[in-house]
Structures are given as C-alpha cells and as structure tokens.
Amino acid sequence: MTSQAIPIPAGKTSTISGFHAAFIVAWILSLLFYFMQYAVRSAPSVMVPELTAAFGLTTLGVSSLLGLYYYTYSTFAIVAGASLDRWGAKYTIPIGVFFLAAGIIMFGLGISWVASFGRLLQGAGAAFAFVGAVYLAAHGLPARYLATAIGFTQCIGMLGGSAGQFVVGPLVHGPINWQQFWIYAGIVTLATGIALFVMTPRQDASEHSKTSIWHMFAPYKTVLTNPQSYLCGLCAGLLFLPTTVGDMIWGVSFLRQGWHIDYAEAVNRASMVPLGWVIGCPLLGYIADRIGRRKPVLFAGMALMLAATLAILYLPPNSAPHYLLGLLLGIGSGAAMIPYSIIKEVNPDEVKGSATGAINFLVFVMSAFAAPAYGWLLQKLAGGGALTLDTFTKGGATGIVAIVIAILAAFFIKETGSAVRKAQG
C-alpha cells in the first residue's frame, strides 16, 4: 500500500455518529483517483520497448525516467496529510488530481524532457490519492467503518496496479498506441479532478491555517527522532522493492526476454503481483489484528516473499503453475503494510498521521534511488547487450538481499499488537 499521512477528523466535522452523503460521494470519486495513480505507475512495465525506442534511451535511461515518479511521490508524501489538515479537501485533493493528469498527458507527448517533467508531476499528484481518499472516508463514514474503508481503498489502488498491466498491455498493442493511452488516461484523470472539485464539500478553515506554514510539519520532529520509525521505514521500503521496481518496471521484460513468454501472457503473469496485494494487504492485516501480534505475521509474509522470489529466479521457467508464483509474491508483499501499523503504534497518538507520512517518505525514497540503480546493474550485467535470463537472475539476487535485510531489521522492531499491550496493562 502506498499510505500517506491520514488526518482523522475532529470537532464538528467528526462523523462518529452518522453518515455524510456528500463526503461519501467525494470518497467514491477519490477511489478513481487512487485507481488511476496506481494504473499509471505500473503501466510503463508493459511498454518498455516502445519507451526505449521513442526516447532513445538505454536500459538505465528507461529505469531512471520511470523512477523519477518516486522522487516527488516520496517528497509530497510529507506534504499531503499536513495540507489536508491545514486547508481541507475541497482544493487540496483536486490540485493533486490535476498534477497527476498534467503529468500523464505530458508523458504521452513523446518528448524526452517533457516526459521526465511529466513523470515528476505524476508522483507529486499521486501522493495525495490515498491520504485524500482516507480523509474523505473519515469525514463521510462513522468511525466504526473507517478501517473497512481504508482496506477497501487500498484494494481499489492495487486493482489499478494490476489493470495497469493486464488491461493496458492489450490496449497499447491493439486498438491504440502507447502515446494515445497516456493522453486518454490524462483526460479521464482530469475529468475525475473536476468532479471531485464540484462534489467535495467546503469546510471551515482549520485552526492550523492561522499559524506559520512550517508549524504543520512540527510533528515530524517527534517521529524522525524515534529510531523505531527508521526500522519500520527500512523494513517496509525493502519489502516494496520487489514490486515497485522488480515487477512494476521490469516484470514484463523479465518474462519476455528471460523466459521467452509471449507478450500477452507475460503481461497477465506480471499483473498477478499487484493482484496478490489486493489479497495480501487486507488478509495479513486482519490476521495481525485477530491474533493481536504484528511480528509473527510480518515474518510469515516475508518468508512467503522470499520463497516466491527464489522460485521465480532459480526454478526452471514454467516449472510452477503459470500464475501461482506472482500471486504468492504479491500476497506475501502485503506484509510490507504491517510496519505502517507499527510506526503509528510506536509513536505518540498526536503524531500518528505524520508517522504514516514519514514511513511513506522513507519507503519511496528507497524506491526512487533503487529504480535507476537496478537499471544500471542490469545494463552492466548485460555488458550493453540484450537482457537475458542470466542477466535477470543475477540482478534479481538484489531482491533476495533486500528481503533478507528486511527480515534482520524486523528482529529489532518492537511488537505493538493488542495482545502485547493488554499483557503490559
């Protein structure tokens, strides 16, 4: 999940006692925003050859271009929640949508420097999607339904990630070309932003709006001076890399050039990873809540990730059921969301929103640096030639190392589950 700071409503905007239809309608529209941002994040993986030819880029160049998304996404993860607390949803969320829409259209123009700027805009706008959706849900639904709304929101996002591969792949190699996809996706996103602006209720100005703009970032000092915050960020960030970089950028290329699978089948198999997240995120979260312990579920998810990654890289191609390994990798990857719960529980109540923004920043800074680094590694291993199964197998070992380091880091993370808190009184 790509969670950001989650501002919970207070005062007269609280929805503990009932439903607020206008906010619910706006929340439903925000789900389309979240779906689109995940779709355009994963869509480039099905058009790497087209992007390489259109922009005249090397393997490293393509990876660096696509990785630009994470630079602004991580930075604006800090800004998103604080902005909603300060100014409300009426203007903040549509501005994020318009940034995303502009970036999508710019990417489709086929001009290298414009595409680079567009990818930066995509990341900046996308940072408002999850936090905006949860903010609206928190205002529109009674508190007892908020956890369900958050889980449903994340499922919609991951469905977008999956659709960005298994839907977009046939589209750009059938009725439309890759540039048309980006233009049409930008228009749909722009329409979503306009609808959100029209439908989102206006709110009274927050008390925070009367203070210095820097005051809204004060809670981050508490979060970022807690060593546990960095352990959570390190663990989650490493667990994200096999999907954000491994699958969403290079998954289709690995299957086509490494396993020599035809394009349509490669797209379908790669899309199993984000689809697995749709299952794994709520399932592992539910189990962790049910047993009242975080770390056993975290370790189980990481073990599943490690086993699936080893099987993908080192078993002979097609030795397992075609869609199984990607799905298992995705389900296990749902464990990456457990540190998002832990970081909120190891920090004071008054900074829980900022704690989520901080871990999102830490997680996607790692993705921002890992994307071009992995592209450089593949290019070096290939010796400037075509990517082969041997190239991907050697390069994929970095994903195994990442999971192992995440496992080691998890040993030092505090157990914060309800069973432990209850035992401690």
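This report covers the salt bridges of a predicted model.

Local features need pLDDT of at least 70 and side-chain atom pairs count only at pLDDT 80 or more, while totals for chains, interfaces and linings use all residues. Residues are numbered from 1 along each chain as its sequence is written, and side-chain values use heavy atoms, with hydrogens and water left out.

Side chains of opposite charge can pair when their charged atoms come close. A salt bridge here means a side-chain nitrogen of Lys or Arg within 4 Å of a carboxyl oxygen of Asp or Glu. Searching the whole structure gives four of them. The table includes three pairs.

| Acidic residue | Basic residue | Closest N to O |
|---|---|---|
| Asp 289 | Arg 294 | 2.7 Å |
| Glu 345 | Arg 294 | 2.5 Å |
| Asp 390 | Lys 394 | 3.2 Å |

Take Glu 345 and Arg 294, which form a salt bridge. This pair links distant parts of the chain, 51 residues apart. Glu 345 sits in helix α17 (residues 338-345). Arg 294 lies in the loop between α14 (272-291) and α15 (295-314). Helices are DSSP runs (H or I, at least four residues), numbered from the N terminus.

Arg 294 is buried, at 8% relative accessible area. Glu 345 is partly exposed, at 27%. Buried means under 20%, exposed over 50%, and partly exposed in between (1.4 Å probe, protein chains only).

Now take Asp 390 and Lys 394, whose side chains meet in a salt bridge. They are four residues apart in helix α19 (residues 389-410), so about one helical turn separates them. Asp 390 is partly exposed, with 44% relative accessibility.

Shared partners also build a network: salt bridges join Asp 289, Arg 294 and Glu 345.

How values were computed. Helices (H or I, at least four residues) and strands (E, at least two) are DSSP runs, numbered from the N terminus.
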